[in-house]
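Student: I'd like to learn how to read the way helices pack. Can you walk me through it?

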Amino acid sequence: MEILIVLMKSLLIGGLLGFAAAAGAARMFHAPASQGLGAFRTLGEMNACEGDAASHFSFGLGFFFNAWASSVGAGAFTQDVTHRVIPNWATAVLLTKNKNVAETMHNPKKMGIVGGLIGMVLVAFLNTTDSAIPESLQVAAVAVLVPAATILINTVMPVLFWLAAIDAGRRSGFWGTILGGLSQLVMGNAVPGVVLGILIGKGVDDIGWNRVTKSIMVAIILLFLFSGFFRGFDMQMIESFKLTIPNWLNDVHNVFNFGK
């Protein structure tokens with residue numbers, strides 16, 4: 001009886017969640033004329049799959065295992081379900097019948113409907129397996145799935161996005177490599193930097209160095225500066241050179257409770 005209640009609630013929540021996530025991701029392609037809904041990385045990752053159904057499905061599948069492990073082990077699925085799995089799987093389903101991304105991936109109505117159906121199945125599966133699997137099997141599942149998902153996110157995905165940046169052109173490859181390396185050092189994962197590199201590289205290729213691309217570059221620089229500061233990267237870098245951290249820098253970090 002308990003599993004039946006979980007199933008009914010999951011179908012309702014999954015349908016609403018899937019519709020909003022998929023339709024919102026599609027609306028991002030129409031910004032600024034329409035207000036989108038989703039993480040910035042969703043747009044970049046969906047573009048990186050280049051409208052290939054198999055790429056969209058495999059990309060979502062990798063994060064599905066991570067979400068499944070989290071659901072089984074911790075009792076809650078991750079944001080990957082809404083940002084990565086549902087939008088990419090909805091796109092993959094639509095692209096199997098129509099390869100025109102303007103009529104599929106960029107269509108909020110179609111994406112919302114398919115995303116809603118996928119969300120119902122996905123959330124119901126995650127929640128019911130979490131409720132049905134014995135505790136001993138949950139421990140075993142986490143021990144297997146979490147390391148596999150970690151390798152996928154930290155090793156495989158950065159390489160795939162870096163190759164996509166190189167394939168996108170000389171500028172995208174250059175900036176993807178530079179920003180990806182910085183992102184790996186500062187944030188612990190190269191994917192955000194590579195995606196930003198593709199964005200700035202393709203932007204310069206299309207419209208040149210104008211006010212828009214310069215503003216994007218300034219925003220990227222500020223992003224890395226603030227991210228590095230609040231993660232304590234500047235202090236770690238100074239210590240790695242066996243140097244003494246200046247007192248004023250310690251004081252600044254202490255103001256924001258980011259001291260050693």
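Tutor: Sure! Each axis is a line fitted to C-alpha atoms, and angles run from 0 to 180 degrees between N-to-C directions. Two packed helices are described by the angle between their axes and the distance between the axes. Keep in mind that this is a predicted model.

Student: At roughly what angle do the axes of α8 and α9 cross?

Tutor: Helix α8 (residues 191–207) and helix α9 (residues 211–230) have axes that cross at roughly 165 degrees and come within 10 Å. Angles over 145 degrees count as roughly antiparallel, so that's how α8 and α9 run relative to each other. Their crossing is left-handed.

Student: Which residues make the contact between α8 and α9?

Tutor: Among them are Leu196, Leu199 and Ile200 of α8, along with Ile216, Ile220 and Phe224 of α9. Sorted by class, this contact has 11 nonpolar, 3 polar and no charged residues.

Student: How do α10 and α11 cross?

Tutor: The axes of α10 (residues 233–240) and α11 (residues 247–255) come within 11 Å, crossing at roughly 150 degrees. That makes this pair roughly antiparallel, and the crossing is left-handed. Here Asp234, Met235 and Ile238 of α10 meet Leu249, Asn250 and His253 of α11. The classes are 3 nonpolar, 2 polar and 1 charged.

Student: Now a single residue: is serine 172 buried or exposed?

Tutor: Buried means under 20% relative accessible area, so serine 172, at 0%, counts as buried. You'll find serine 172 in helix α7. A polar atom of its side chain lies 3.4 Å from the backbone nitrogen of lysine 202.

Methods. Residues numbered from 1 in each chain as written. Predicted model: local features only at pLDDT ≥ 70, side-chain atom pairs only at ≥ 80, totals over all residues. Heavy atoms only, no water. Helix = DSSP H or I, 4+ residues; strand = E, 2+ residues; numbered from the N terminus. Parallel < 35°, antiparallel > 145°, perpendicular 65-115°, else oblique. Left-handed = near helix turned anticlockwise from the far one by under 90°. Contact = heavy atoms within 4.5 Å. Nonpolar A, V, L, I, M, F, W, Y, C, P; charged D, E, K, R; others polar. Buried < 20%, exposed > 50% of the residue type's maximum accessible area, 1.4 Å probe, protein only. Polar contact = N/O pair within 3.5 Å; in protein donor to acceptor, adjacent residues only side chain to side chain.
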